[in-house]
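Colleague: I should like to go through this model with you, element by element. May I put my questions in turn?

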Amino acid sequence: MGTCHHTTHELKYLTAVNPEAIVVERRRAEQAEVEGNALQLSREDVLHFADGILAVYKPSGVYVQHVQDSAAKWYRSKKEEQEVAGDGSETSSYHCWSRYETDPSQNHSSDREQNESTFLQLVHRLDRDTSGVLLLATCRAASNSLHRAFNLGQATKTYVCLCTGLKPAWQQITVDTGHGRSKHGLWRIYDHKDIGRELPGGSRIRNARTHFWVESMVPKERQGSSDSTALATTTKARPSKEEACRREEDSIFWIRLRAQPVTGRTHQIRLHCAYLGLPIAGDLKYYGTPFDCRGKPLEHHLLHAESLELPHPSRCQEVVELFAPRPLWTEHNL
């Protein structure tokens with residue numbers, strides 16, 4: 001797998017705001033609040049529920065805080081069902097207390113027992129428009145263990161995204177750059193040699209590393225073409241081999257990528273896709289193009305957290321594997 005290091009001249013366009021994105025982002029943020037407040041997770045949205053772990057399917061276009069609130073409602077109702085049925089097995093191996101407390105050492109045992117069923121904590125985060133696996137902990141012991149796995153780099157995260165751009169010359173690649181906020185407050189990537197340099201505001205440039213694989217691609221002009229149209233084109237005179245190659249090199253493609261971030265920086269995959277010249281469709285903030293799925297415009301970028309694998313929080317040598325079904329757009333004309 002090749003490794004791609006950032007050089008400054010390649011990313012000048014990522015230091016400025018896409019003017020069109022400002023209006024779109026404001027509209028999407030407002031819509032996310034509306035949809036988030038109305039969000040109601042069901043049993044079908046629960047991907048895993050056992051041993052202090054609650055993994056749910058986060059829909060695109062809502063903030064993780066809204067998903068957490070909805071998951072809390074579902075969790076409380078589940079706990080009530082267990083109490084009625086006399087089944088407390090889900091959290092029997094953990095001593096839990098409320099996520100709202102500020103100093104657990106000051107709480108009495110009776111308070112902790114009373115609030116045991118209210119503990120629910122996000123283990124990681126996903127961007128507003130990213131769908132897929134979202135992991136929560138239902139007790140403090142599991143939370144500590146799961147956070148430790150993330151901090152030690154023991155959590156393997158796999159994403160799928162749909163991008164646009166020229167046909168890449170690689171099938172797999174590793175992008176290794178710096179990452180931080182610019183003086184304008186924008187997240188951006190920096191030259192690899194700048195890692196560790198202090199930025200305005202006191203933060204430092206940190207490393208960001210992502211593995212990418214090409215899953216499939218198709219010329220953009222074929223999006224939405226019918227079988228009859230495709231059949232008709234085959235009756236025309238075929239171009240020469242050299243002309244066909246030249247056309248393909250100049251064509252814009254829809255490209256589905258699989259991504260595994262090694263580090264967990266803000267907007268990392270989105271920035272690295274833009275760096276590769278393959279911005280994620282719908283990600284106007286980083287110069288992605290709008291996208292229609294089955295005739296309907298999608299109001300979010302096309303990035304999906306497909307799977308998450310990490311050590312079990314309480315059983316040594318065991319691994320928890322979590323999967324979120326792919327959205328419809330992942331198969332769109334690909």
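Colleague: In which strand does Thr156 lie?

Modeller: The model is a predicted one. In it, the C-alpha atoms of Thr156 and Pro261 are separated by 8.1 Å, although these positions lie 105 residues apart along the chain. Beyond its neighbours within four places in sequence, Thr156 is in contact with Gln260, Ser307, Leu308 and Glu309. The strand that holds Thr156 is β6.

Colleague: Is Thr156 buried, partly exposed or exposed?

Modeller: Buried means under 20% relative accessible area and exposed means over 50%, with partly exposed in between. The relative accessible area of Thr156 is 36%, so Thr156 is partly exposed.

Colleague: What is the make-up of the chain in helices and strands?

Modeller: The chain has 334 residues, of which 46% count as buried. Among contacts with a separation of 6 or more, 73% are between residues 24 or more positions apart. As for the elements, the chain contains seven helices and 14 strands.

Colleague: Which helix gives the largest share of the largest nonpolar core?

Modeller: That core has 52 residues, and those with the most contacts inside it are Leu54, Phe212, Leu257 and Phe291. Its largest share is six residues, and they come from helix α2.

Colleague: Which residues does Phe212 touch, not counting residues up to four places away in sequence?

Modeller: Phe212 is one of the residues with the most contacts inside the largest nonpolar core. Its partners are Trp170, Gln171, Gln172, Ile173, Val175, Leu257, Arg258, Ala259, Ile269, His272, Cys273 and Leu276.

Colleague: How many residues are in the other core that lies apart from the largest one?

Modeller: Its members include Val133, Cys139, Leu146 and Phe150. Of these, Leu146 and Phe150 are among the buried residues of α4. The number of residues in this other core is 19.

Colleague: What distance separates the end C-alpha atoms of α2?

Modeller: The buried residues of α2 include Val64, Val67, Ala71, Trp74 and Tyr75. They pack against α1, β2, β3, β4 and β5. Because α2 has 22 residues, its expected span at 1.5 Å a residue is 32 Å, which agrees with an end-to-end distance of 31 Å.

Colleague: Which elements cover the buried residues of α4?

Modeller: Helix α4 has 12 residues and reaches 16 Å from its first C-alpha to its last, close to the 16 Å expected. Its buried residues are Ala142, Ser143, Ser145, Leu146, Ala149 and Phe150. An α-helix has 3.6 residues a turn, so residues three or four places apart point the same way. The cover includes β3, β4, β5, β6 and β13.

Colleague: What is the relative accessible area of Ser143?

Modeller: Ser143 belongs to helix α4. Leaving aside neighbours within four places in sequence, Ser143 is in contact with Phe119, Gln121 and Ala137. Ser143 is buried, and its relative accessible area is 1%.

Colleague: Is Arg128 buried or exposed?

Modeller: Arg128 is found in the loop between β4 and β5. Not counting residues up to four places away in sequence, the residues Arg128 touches include Glu25, Arg28, Lys58, Pro59 and Tyr63. Because a relative accessible area under 20% counts as buried, the 12% of Arg128 makes it buried.

Colleague: What is the volume of the largest pocket?

Modeller: The largest pocket is lined by 34 residues, and those nearest its centre are Arg125, Asp127, Gly264, Arg265 and Thr266. By class, the lining has 10 nonpolar, 14 polar and 10 charged residues. Elements that each supply at least two of the lining residues are α2, α4, β6, β9, β10 and α7. The volume is about 950 Å³.

Colleague: Which element gives the most to the lining of the largest cavity?

Modeller: The largest cavity has a volume of about 40 Å³, and its lining consists of His124, Leu126, Val133, Lys157, Tyr159, Ala305, Ser307 and Leu308. The elements that give two or more residues to this lining are β6 and β13. With three residues, the element that gives the most is β13.

Colleague: How do the residues of that lining divide by class?

Modeller: Lys157 and Val133 are both among the lining residues of the largest cavity. The division of the lining is five nonpolar, two polar and one charged.

How values were computed. Residues numbered from 1 in each chain as written. Predicted model: local features only at pLDDT ≥ 70, side-chain atom pairs only at ≥ 80, totals over all residues. Heavy atoms only, no water. 1 Å grid on protein atoms, 1.4 Å probe; cavity = no way out; pocket = protein on both sides within 12 Å on 5 of 7 lines; lining within 4 Å. Points joined across faces, edges and corners; volume = space filled by probe spheres on them. Helix = DSSP H or I, 4+ residues; strand = E, 2+ residues; numbered from the N terminus. Nonpolar A, V, L, I, M, F, W, Y, C, P; charged D, E, K, R; others polar. Core = buried A, V, L, I, M, F, W, Y, C linked by side-chain atoms within 4.5 Å. Buried < 20%, exposed > 50% of the residue type's maximum accessible area, 1.4 Å probe, protein only. Contact = heavy atoms within 4.5 Å. Expected span 1.5 Å × (residues − 1).
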